[in-house]
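Hi,

Here is the structure I said I'd pass on. Have a look at it first, and my notes follow below.

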Number of protein chains: 2
Amino acid sequence: MEANRPDTVTRILDVSERLFVEHGFEATSLRMITQQAEVNLAAVNYHFGSKDALFEAVFTRRLGPLIEACLAELDVLEGNKEGPTAEGLVMTFIRPCLSLSKDPARGGALFVRLLSRTLVENHRLLRESLSQQYSEFAQRYSVAFRQALPELSLETLSWRMHLAFGVMFNAFAGNDVLKIFMRSQIVSARDPEMIVKHLVPFVLAGLTSPVQE
Amino acid sequence: MEANRPDTVTRILDVSERLFVEHGFEATSLRMITQQAEVNLAAVNYHFGSKDALFEAVFTRRLGPLIEACLAELDVLEGNKEGPTAEGLVMTFIRPCLSLSKDPARGGALFVRLLSRTLVENHRLLRESLSQQYSEFAQRYSVAFRQALPELSLETLSWRMHLAFGVMFNAFAGNDVLKIFMRSQIVSARDPEMIVKHLVPFVLAGLTSPVQE
DNA sequence: AGGTGTTTGAAACTTACGTTTTAATTTGAC
DNA sequence: GTCAAATTAAAACGTAAGTTTCAAACACCT
């Protein structure tokens with residue numbers, strides 16, 4: 001057929017990624033996917049086994065490299081003489097997200113939105129398979145943030161990391177709470193450069209704010 | 001039958017609220033709802049018309065009062081002589097959320113989670129019906145934050161409000177990004193008092209952080 | 001008590017879903 | 001070119017979904 005038309009598996013993954021983000025897992029039918037991917041209905045079950053397995057495949061295709069990129073950035077940062085700073089740590093997460101968001105070949109910002117959706121939906125995939133698979137990720141960041149912000153108690157630091165990663169994920173996913181209420185939403189809310197420009201100072205301020213007594 | 005057993009409509013709403021949060025709109029069937037609510041299957045369509053209308057009813061039952069409570073807090077704050085502070089403004093939103101979260105009779109923290117889920121899922125209900133219905137909410141906060149933080153440019157302020165409301169919603173919804181990766185999640189992540197203790201300083205720091213050049 | 005409008009109950013209807021099956025087609029090695 | 005394996009195509013299967021129907025039960029007013 002055509003030269004640069006991706007193969008069946010890739011076409012299914014690409015279309016699924018987009019549709020899962022747009023409509024969610026449950027509301028996306030295999031017939032929608034196979035129709036838009038221009039493949040036969042049975043192709044999904046043939047190549048992936050089930051709709052659940054397809055979802056996992058869509059997910060792991062992007063998450064693995066993203067985590068790897070963060071860990072690689074952490075390696076570089078920890079190679080420096082002086083210990084990691086909060087800003088340096090935040091950027092080890094921001095940069096891979098930004099890179100992913102700007103690369104259409106890797107799904108652009110789609111995957112971060114999918115990740116965000118899946119998180120909120122509390123999928124069993126995240127609770128079971130992935131949680132222990134990427135436990136190194138959280139472990140490394142926990143240790144590094146303890147070094148970068150030693151003046152914070154363990155409880156406070158855990159909470160701030162929780163809040164910081166939450167707001168970062170949300171920002172990259174383009175989740176705009178205020179858009180429900182506002183007619184004029186932020187026009188640049190999904191421009192990756194703009195995200196970083198405003199997100200990083202916000203997160204850093206929250207992370208490094210002096211503890212209240 | 002029993003004395004304090006709520007009527008059919010209320011039982012349906014209560015069960016729906018919980019199930020929509022747990023499984024999402026699409027994955028929650030009317031048969032699940034009517035079974036747990038101990039009402040007939042046809043009762044949903046009789047009282048609400050459709051599953052979509054039921055969802056809207058579940059939603060508006062809580063959102064209206066929550067918005068009203070925020071606006072009432074804003075009224076009080078704006079009645080003071082000196083203009084509103086960022087902290088005062090944040091608290092006008094935090095207090096009603098906290099109050100809702102602590103009140104089981106009003107669904108406790110369930111509704112905030114439903115709101116968060118619905119936001120991320122980008123339901124048409126939020127895009128269409130509710131957006132203009134509660135536009136006063138965003139309008140009032142926009143004006144008030146402009147007064148409280150006059151040194152920020154309009155762009156920066158919009159972004160910070162966007163990020164601040166995002167992290168506040170997320171915190172109250174108990175969305176824990178790191179829980180995918182960590183075995184030991186924050187145990188207190190859904191204790192309302194703990195949320196406020198750590199959330200408010202974080203958000204305030206982000207909102208009032210000096211602008212970078 | 002009788003009668004009217006409202007609510008509930010049980011069943012069926014239509015549709016769409018994920019999956020399976022079987023045959024046709026294509027691919028790749030010898 | 002041939003044959004076996006892998007892939008695609010088309011159709012059907014069983015199930016569960018939202019909705020509708022219609023009769024029975026209930027509530028309320030005079």
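A residue counts as near a molecule or strand if one of its heavy atoms lies within 4 Å of it. This is a predicted model, where local features need pLDDT of at least 70 and side-chain atom pairs count only at pLDDT 80 or more, while totals for chains, interfaces and linings use all residues. Residues are numbered from 1 along each chain as its sequence is written, chains are lettered from A and ligands numbered from 1 in the order in which they are written, and side-chain values use heavy atoms, with hydrogens and water left out.

DNA strand D first. It has 15 residues around it, with Thr8(A), His47(A), Leu30(B), Arg31(B) and Lys51(B) the closest. Of the strand D atoms within 4 Å of the protein, 49% are sugar or phosphate and the rest belong to bases. For helices I use DSSP runs (H or I, at least four residues), numbered from the N terminus. H3(A) gives the most to the surface near strand D, with 3 residues. As for polar contacts (here, pairs of N or O atoms within 3.5 Å), a backbone N or O atom of Leu30(B) sits 2.7 Å from a phosphate oxygen of strand D, and a polar side-chain atom of Tyr46(A) is 3.0 Å from a phosphate oxygen of that strand.

Now DNA strand C. Among the 15 residues around it, Leu30(A), Arg31(A), Lys51(A), Thr8(B) and His47(B) come nearest. Sugar and phosphate make up 49% of the strand C atoms that come within 4 Å of the protein. The largest share of the surface here, 3 residues, is from H3(B). Phosphate oxygens of strand C lie 2.7 Å from a backbone N or O atom of Leu30(A), 2.8 Å from a polar side-chain atom of Tyr46(B) and 3.3 Å from a polar side-chain atom of Ser29(A).

Away from the DNA, I also looked at helix H6 of chain B (residues 110-121). Its 12 residues should span 16 Å at 1.5 Å a residue (taken times one less than the number of residues), and the end C-alpha atoms are indeed 16 Å apart. Since 10 of the 12 are buried, H6(B) is largely enclosed by the rest of the structure; buried means under 20% relative accessible area, with a 1.4 Å probe and protein chains only. Among those buried are Phe111(B), Leu115(B) and Arg117(B). Just after H6(B), Asn122(B) takes a positive phi of about 60°.

Cheers

How values were computed
Helix = DSSP H or I, 4+ residues; strand = E, 2+ residues; numbered from the N terminus. Buried < 20%, exposed > 50% of the residue type's maximum accessible area, 1.4 Å probe, protein only. Polar contact = N/O pair within 3.5 Å; in protein donor to acceptor, adjacent residues only side chain to side chain.
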